[in-house]
Amino acid sequence: MFGRMSGWLKQRRFDVDAAIIGFVIALGLFPLRFFASQIYIKTIPIVLGLGCALYLLAVRNDRETMNAYPSVSRLVAQILPTIGFLTMAAMVAVALHAGQRSLLFHVLSGATGTLIMLQILFVDDEDFLPSLLLVQILSLAFVIRFMAVYTTPSYIGIDIWTHMTQLAGGVLEQHSLSAMNGNKHIAAPLFHLLVASSSMLYDVSLRNALYLSIGVVMPMTIVFVYGATKLLVPARWAVFAAMLYSIGDYFIEWGIHLIPTSHGLLFFVAIVYALLRIMRLEYNARDFSLLVFLSIAIILTHQVSTFIMLVVLFSGLLAQFVLKLGLFQTTARRPGVYRKLEPVNLAGLLAFDVGLITFMWSFTPYNGNSFLETVLLYLEQTLVSSAGLLNLASNNSQYISLPAPTLMQKVASYVDTMGFLILFGLTVVGCLYVLRRKRISHSVFTLLFATVVMTGFTLGLPMFGIRNFIPQRWFAFLYAPMAILAALGVGYLVHNLNRNVVVVALLVVALVYPSVMVMSSHGAIDSPVFKDEQARLTYTKPEVAAVYTISDMTGSPDSATILPSQVIHTDHPYQTVFSRTGSYPAAAANLSADNRDGPTDHPITVYRRYQSTGTPKFVLVKHVTKDGERITATVPVQRQVSQQQLCRPDQSILYNNGDVMLCANRTI
């Protein structure tokens with residue numbers, strides 16, 4: 001019985017079966033859009049269905065010969081790189097003139113990305129120069145990131161204030177890790193050690209040391225994606241994968257919001273390359289030792305990155321187990337080796353990493369317990385109290401009615417997700433392609449399983465109310481295997497799909513993907529394109545000066561030494577700067593859900609001009625009575641307020657630098 005079943009399975013076209021099943025799943029998930037308004041629930045089924053349909057159309061031809069499609073002339077191929085470098089020079093000039101990455105800068109970024117994409121996709125093999133294209137990709141990556149850094153007087157992001165002003169700053173001041181005692185990063189200090197030592201070595205400030213160390217290296221991560229993809233496909237599609245990854249919005253974010261996540265991402269992509277290398281090439285103990293070294297480095301850098309690495313290694317072990325079942329006949333061979341390519345045994349490496357992680361996390365302090373104990377406790381509480389299908393809300397917002405999103409809010413939302421959706425659709429094709437028996441190998445199966453499992457953590461678990469694994473941090477990591485698989489998928493479509501369909505699909509990718517990625521709120525956290533819909537996570541010189549001046553005025557009290565009524569209330573994310581720099585305890589201000597223009601009732605408030613012109617966040621509050629019980633409903637909301645709402649006329653102004661005001665009740 002088992003033999004007949006095994007024989008039947010060996011004759012199946014798993015790629016076609018998976019495409020059909022995927023299409024059916026897409027149809028089944030489509031009605032969920034009527035039960036939830038979450039954008040991924042509305043769009044993922046459509047993209048999944050389109051990806052499966054494209055693959056099934058390509059399978060009908062199945063010629064595996066280059067299907068001729070229009071390519072640019074040699075003259076145009078020679079001119080395009082020059083135009084690309086000129087637009088990059090224009091980007092630098094525009095940013096320096098405007099003092100920020102303005103709308104024109106973002107438009108030029110998208111246009112430059114499109115020029116590079118067109119070269120990758122529509123230049124003949126005779127004129128195709130991978131090295132020149134990689135130089136353009138790296139140049140664009142550096143211009144985008146360093147113009148954000150150069151034109152911003154403060155740090156970019158939220159968490160970076162803690163890591164730089166408290167942790168790395170403490171290490172630099174005390175020349176010892178004792179400054180991090182009691183913090184969970186005491187067991188993962190590589191990021192802070194690197195920044196502090198760079199500051200001493202280069203004799204520069206911590207901020208400059210950060211950008212001269214981690215900041216310079218982050219764009220170079222693109223080379224690892226190129227090298228990993230080059231092990232699987234020709235150079236054209238390796239360059240294509242590098243371009244997809246380099247312009248990814250979350251990858252851009254972690255290139256300018258430089259925290260241990262960024263450092264962990266660097267090690268993670270290097271691990272993906274090293275892992276694929278030992279799976280595809282004849283390797284020795286030195287190659288495997290490099291993989292072990294990188295895994296130890298990421299463990300000592302960042303806990304979330306470490307867990308994501310474990311997911312990839314587990315995917316490799318799962319792929320090894322599936323291939324051992326004998327259902328797939330692997331035909332791949334290592335270059336120059338005329339023997340069957342056997343799966344690499346990852347059990348030992350996985351066991352070593354799990355043991356080291358368990359040991360490290362067992363004594364890592366976190367909220368009064370060990371990191372491991374606290375994380376497991378939080379997960380248990382989530383599973384018991386809030387997990388459930390389509391449990392997308394994290395508060396009791398059902399008691400508060402919010403206005404319907406405006407047209408511009410909808411546009412901004414789709415710009416934020418369009419790039420990921422394009423990459424997801426191409427990845428679906430790539431996943432189906434690697435299920436073809438001719439392409440089956442340990443390396444591609446590892447990528448396939450890793451992508452599926454990581455997507456489950458990123459998009460699947462939040463649908464059930466499980467957000468303990470911080471899914472927002474996973475996207476930049478997920479983009480790496482997605483870009484590699486997408487390159488495999490596009491290479492297959494070009495060879496097999498109808499020429500007209502191929503050209504349309506490639507043009508959509510080239511014209512849309514770069515622009516929406518750089519204009520996404522994650523790709524432009526320093527200078528949003530949609531200023532009324534996307535939050536700015538940087539601060540002006542007066543805003544930063546106010547934080548430190550208030551610190552000097554008050555003596556930087558600890559939250560345990562003041563009354564709740566003495567906490568500063570202002571907008572989010574500005575309140576995080578006060579807390580994370582140790583300036584003064586702060587929280588997001590409350591606004592009344594019943595009176596839109598009503599003032600706050602906090603004794604101490606801070607108003608900044610951005611609250612009336614930008615996209616600040618506050619907490620909307622409503623008191624309701626249900627079954628005789630008084631309930632306080634809260635929901636975060638983006639809303640502009642007037643100065644009188646935060647700094648009321650009955651308050652005294654204790655500080656005012658023209659852009660920021662500190663106000664307090666006359667009697668507190």
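The link between Cys647 and Cys663 turns out to be right-handed, with 100 degrees about the S-S bond. It ties together distant parts of the chain: Cys647 sits in the loop between helix 25 (643-646) and strand 9 (651-656), while Cys663 belongs to strand 10 (residues 660-665), 16 residues apart. The two sulfur atoms are 2.0 Å from each other, and both cysteines are buried. A search of the whole structure, which is a predicted model, comes up with 1 disulfide.

Cys52 and Cys431 are worth a look in this context. The sulfur of Cys52 has its closest cysteine sulfur in Cys431, 9.8 Å away, and since a disulfide requires sulfur atoms within 2.5 Å, that is too far for a bond. Cys431 is likewise in no disulfide, its nearest cysteine sulfur being that of Cys52. Cys52 counts as buried because its relative accessibility is 2%, against a cut-off of under 20%. Cys431 comes in at 13% relative accessibility, so this residue counts as buried too.

Back at the disulfide, strand 10 is mostly covered, with 5 of its 6 residues buried. Strand 10 runs antiparallel to strand 6 (residues 604-608), and 5 bridges join the two. One of the pairings puts Arg608 opposite Val660 of strand 10. Strand 9 is also antiparallel to strand 10, again through 5 bridges. Here the disulfide cysteine Cys663 has Ile653 standing opposite. The hairpin made by strand 9 and strand 10 leaves 3 residues between the strands, and Gly658 takes a positive phi near 95 degrees there.

Thr615 lies in the loop between helix 24 (610-613) and strand 7 (617-626). With a relative accessibility of 2%, Thr615 counts as buried. Its side chain reaches the backbone oxygen of Lys531 at 2.4 Å. Leaving aside residues up to four places away in sequence, Thr615 touches Lys531, Asp532, Glu533, Gln534 and Ala535, along with Tyr610 and Gln638.

Two helices can be checked against simple geometry. Helix 3 (residues 39-61) has 23 residues, so at 1.5 Å a residue it should span 33 Å; the end C-alpha atoms are 34 Å apart, which agrees. The N-terminal end of helix 3 is capped by Gln38, which places a side-chain oxygen 2.7 Å from the backbone nitrogen of Tyr40. Helix 4 (residues 74-98), with 25 residues, reaches 37 Å from first C-alpha to last, close to the expected 36 Å. Its buried residues are Ala77, Leu80, Pro81, Gly84, Thr87, Met88, Met91, Val94 and Ala95, and these pack against helix 5 (103-122) and helix 6 (130-150). Just past the end of helix 4, Gly99 adopts a positive phi of about 75 degrees.

As for confidence, the protein chain averages a pLDDT of 89, and 91% of the residues score at least 70. Residues 335-339 are another matter, with pLDDT below 50; this stretch has 7 contacts in the model beyond near neighbours in sequence. Where pLDDT is low, predicted coordinates should not be read in detail.

Terms used:
Residues are numbered from 1 along each chain as its sequence is written. This is a predicted model: local features need pLDDT of at least 70, side-chain atom pairs count only at pLDDT 80 or more; totals for chains, interfaces and linings use all residues. Side-chain values use heavy atoms; hydrogens and water are left out. Helices (H or I, at least four residues) and strands (E, at least two) are DSSP runs, numbered from the N terminus. The expected span of a helix is 1.5 Å times one less than its number of residues. A polar contact is a pair of N or O atoms within 3.5 Å; within protein, one must be able to donate a hydrogen and the other to accept it, and residues adjacent in sequence count only if both atoms are side-chain atoms. Buried means under 20% relative accessible area, exposed over 50%, partly exposed in between (1.4 Å probe, protein chains only). Contact means heavy atoms within 4.5 Å. pLDDT is the predictor's confidence in each residue, from 0 to 100. Two strands pair if DSSP finds at least two bridges between them.
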